[in-house]
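Here is a short report on selected parts of one protein model. Please look over the sequence and structure first.

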Amino acid sequence: MFDDTVADTWHPFALTRPIAELLYGALTLRGRIEKATGLQASATFTRAWLGGFSEQGAPAGRAREAVENLPVDETRLLVTSRAVVDAFPVAELEEGGARTLRLLGSVAGYILPAGTPNVDAEQLASLEPLSDSPNVALHGELLGGPWHLVGGLRGRLAADLELASQSTDSNCQVLDVEQRVGDGLVLAGPDVQIEPGVLFDTREGAVYLGQGTEVRTGSRLAGPMWVGADCRLLGGSMSGIAAGPCSYLRGEMEDSVILGYTNKAHDGFIGHSYLGRWVNLGALSTTSDLKNNYGEVRLAGPEGSVHTGLTKLGSLLGDHTKTAIGTMLGTGSVIGAGCNLFGDGRPPVWVPPFSWGFGPEAAVHERKKFLDTAEKVMARRGVKAGSLSWLGAAWDTARG
């Protein structure tokens, strides 16, 4: 997998992780390519400071320049992290010479058979086609921005859950729940605990609960919905969400992605939003996801606002960001990684990474204090921090 220059602009996530490690539906973007090809990604070529990226289950992060050092005595399949491929013609890997992958007419990657030279970092970043080489047409999506992960969420979730319901995997079972609306399935991994007084609404799609997940009394879960392993659903109305592992969630949530290890243990509304890993939302933190004039939401960012084509879009929150009690986020807000969001009034729609507060008194979240806190937070979820060199390098890039 590799990140191109368009992926480099995917604020706030591009600062702290390869784009391939973002969740889209029930799978990461990397997981979708792996499923389509039947192959496992060996590395992700990305921004230089993420060369030390390390996360359980993810391949090593490498600087894009390292692509030029790949061994040329074996076939190399290079796919942009923005590609969502429905099916991949695996036979193409064994036939012919070098080829350019195209998705909806745009370059999406390369096939480099054994004995052919590598592409260079500049070609990878700019998605230049191979000269004098045939094309291989792929079918699917080529995502233009992180808002597509929200706008296309429900469709992807519904399709993923339909496939899961047809799976013969013994770790996925159909639950016979007492309180339900609709004829869709409630699926679960092992050791799921559901207290009395939980309502499942499957009229618009199935609900999946990952291994070891606990659902407390007073929860209303509406599909399509996918929840990863070891989560705690503490009460409230949740609909159309995808939640990564070890997330503690409560309140009203709809059409949103929670990448994982996130704490939203109190009431508050999160709608049409994307939360990175290790986010902590103070009680009653709330997002707006609809403009008063029902117009298109433009997403904020360091280069200014960009068109999304969506009328419903909440907030994008970077990894390791925290909000104070009662934080109110405006429509189309982008909150950078490592922020500690507090202050008078409503935060601006663009908050630079590693901000300590907002407004006239805002400061920078000090590097050592940020990394020390990250280690403590990870330990609370039973995750050994190990080397956080890439987070330190991200701080250096953004604030150094």
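The sections below cover a sheet, a helix that lies across it, two threonines and a helix pair.

## Basis

The model is predicted. Residue numbers start from 1 along each chain.

## The five-stranded sheet

Five strands form an open sheet. Their order is 5-8-7-9-6, and the pairing is mixed. Strand 5 (76–79) and strand 6 (83–87) are the edge strands, each pairing on one side only. On average, neighbouring strands of this sheet are turned by 35° against each other, direction ignored.

At one edge, strand 5 pairs with strand 8 (residues 106–112). The sense is antiparallel, over 4 bridges. Leucine 77 has isoleucine 111 in strand 8 as its bridge partner.

## Helix 1 and threonine 37

Helix 1 (residues 29–37) lies across strand 5 and strand 6. The helix runs at about 25° to strand 6.

Threonine 37 belongs to helix 1. Is this residue, threonine 37, buried or exposed? Threonine 37 counts as buried because its relative accessibility is 9%, and the cut-off for buried is under 20%. Its side chain reaches two backbone atoms: the oxygen of isoleucine 33 at 2.9 Å, and the nitrogen of leucine 39 at 3.1 Å. Leaving aside neighbours within four places in sequence, threonine 37 is in contact with Leu77, Phe88 and Val90. Leu77 is the residue whose bridge partner is isoleucine 111.

## Threonine 323

Threonine 323 sits in strand 33 (residues 322–323). With 8% relative accessibility, threonine 323 counts as buried. Which side chain makes a polar contact with the side chain of threonine 323? That of serine 285 does, at 2.8 Å.

Residues up to four places away in sequence are not counted in what follows. Threonine 323 touches Asn280, Leu281, Gly282, Ser285, Leu317 and Leu341. Ser285 is thus listed both as a touching residue and as the polar partner.

## Helices 5 and 6

Helix 5 (residues 367–380) and helix 6 (residues 389–399) have axes that come within 10 Å. The axes cross at roughly 150°. Helix 5 is therefore roughly antiparallel to helix 6, since angles over 145 degrees count as such. The crossing of helix 5 past helix 6 is right-handed.

Which residues make the contact between helix 5 and helix 6? Helix 5 contributes Arg367, Phe370 and Leu371. Helix 6 contributes Leu391, Gly392, Ala393, Trp395 and Asp396.

Conventions
This is a predicted model: local features need pLDDT of at least 70, side-chain atom pairs count only at pLDDT 80 or more; totals for chains, interfaces and linings use all residues. Side-chain values use heavy atoms; hydrogens and water are left out. Two strands pair if DSSP finds at least two bridges between them. Helices (H or I, at least four residues) and strands (E, at least two) are DSSP runs, numbered from the N terminus. Axes are lines fitted to C-alpha atoms, for helices over the stretch in contact, and angles run from 0 to 180 degrees between N-to-C directions. Contact means heavy atoms within 4.5 Å. Buried means under 20% relative accessible area, exposed over 50%, partly exposed in between (1.4 Å probe, protein chains only). A polar contact is a pair of N or O atoms within 3.5 Å; within protein, one must be able to donate a hydrogen and the other to accept it, and residues adjacent in sequence count only if both atoms are side-chain atoms. Angles under 35 degrees count as roughly parallel, over 145 as roughly antiparallel, 65 to 115 as roughly perpendicular and the rest as oblique. A crossing is left-handed if the near helix is turned anticlockwise from the far one by less than a right angle, and right-handed if clockwise.
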